[in-house]
Amino acid sequence: EAVTPAQQRAVALLDEIPFPEYFPTADALLVDRDGAVWLRRFAPQSSAPSVWERISRDGRTLCTVHIPSSVRLLDAAGDRVLGVMTDRDGEEFVVVYTLARS
């Protein structure tokens, strides 16, 4: 249930977005500042890189991003993603990845 104003805005944005008829099975989502939805594809292998798809308000896939599975995504935009990475010793630190076309 949305409690904060930011959560209420995110819920309202999700209600407005027409989802495509088919999209990959996802296990996480995030709404960015532009109103695009980032979906993380479900990966049965926890060591596999996380694959996130950015979907526009009109249901188009804008990009696909692969990040290490040890990164927990916190924020995303059209040109970068920000997350927390946990190293082998359990220490956490912030990482920022700049996105580039490939």
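This section describes an antiparallel sheet and the largest nonpolar core in a predicted model.

Three strands, in the order β5-β6-β7, form an open sheet with antiparallel pairing. Strands β5 and β7 lie at the edges, each pairing on one side only. From one strand to the next, the twist averages 25°.

Strand β5 is joined to β6 by 5 bridges, the two strands running antiparallel. Within this pairing, Asp75 has Leu82 of β6 as its bridge partner. On the other side of the sheet order, β6 (residues 80–86) and β7 (residues 92–98) are connected by 7 bridges and also run antiparallel. Here Val84 stands opposite Val94 of β7. The two strands β6 and β7 make a hairpin, with 5 residues between them. The turn includes Gly90, whose phi is positive, at about 85°.

The largest nonpolar core comprises 11 residues: Leu30, Trp38, Trp52, Val65, Ile67, Val71, Leu73, Ala76, Val81, Met85 and Val95. At least two residues of this core come from each of β4 (61–67), β5 (71–76) and β6. The most is given by β5, which supplies 3 residues. In soluble globular proteins, nonpolar side chains tend to be buried together.

Leu73, one of the core residues, has contacts beyond its neighbours within four places in sequence. These contacts are with Leu30, Trp52, Ile67, Val81, Leu82 and Gly83. Among them, Leu30, Trp52, Ile67 and Val81 are also listed in the core. Leu82, another contact of Leu73, is the residue bridged to Asp75.

Definitions and conventions. Residues are numbered from 1 along each chain as its sequence is written. This is a predicted model: local features need pLDDT of at least 70, side-chain atom pairs count only at pLDDT 80 or more; totals for chains, interfaces and linings use all residues. Side-chain values use heavy atoms; hydrogens and water are left out. Two strands pair if DSSP finds at least two bridges between them. Helices (H or I, at least four residues) and strands (E, at least two) are DSSP runs, numbered from the N terminus. A nonpolar core is a set of buried Ala, Val, Leu, Ile, Met, Phe, Trp, Tyr and Cys residues joined through side-chain atoms within 4.5 Å. Buried means under 20% relative accessible area, exposed over 50%, partly exposed in between (1.4 Å probe, protein chains only). Contact means heavy atoms within 4.5 Å. Axes are lines fitted to C-alpha atoms, for helices over the stretch in contact, and angles run from 0 to 180 degrees between N-to-C directions.
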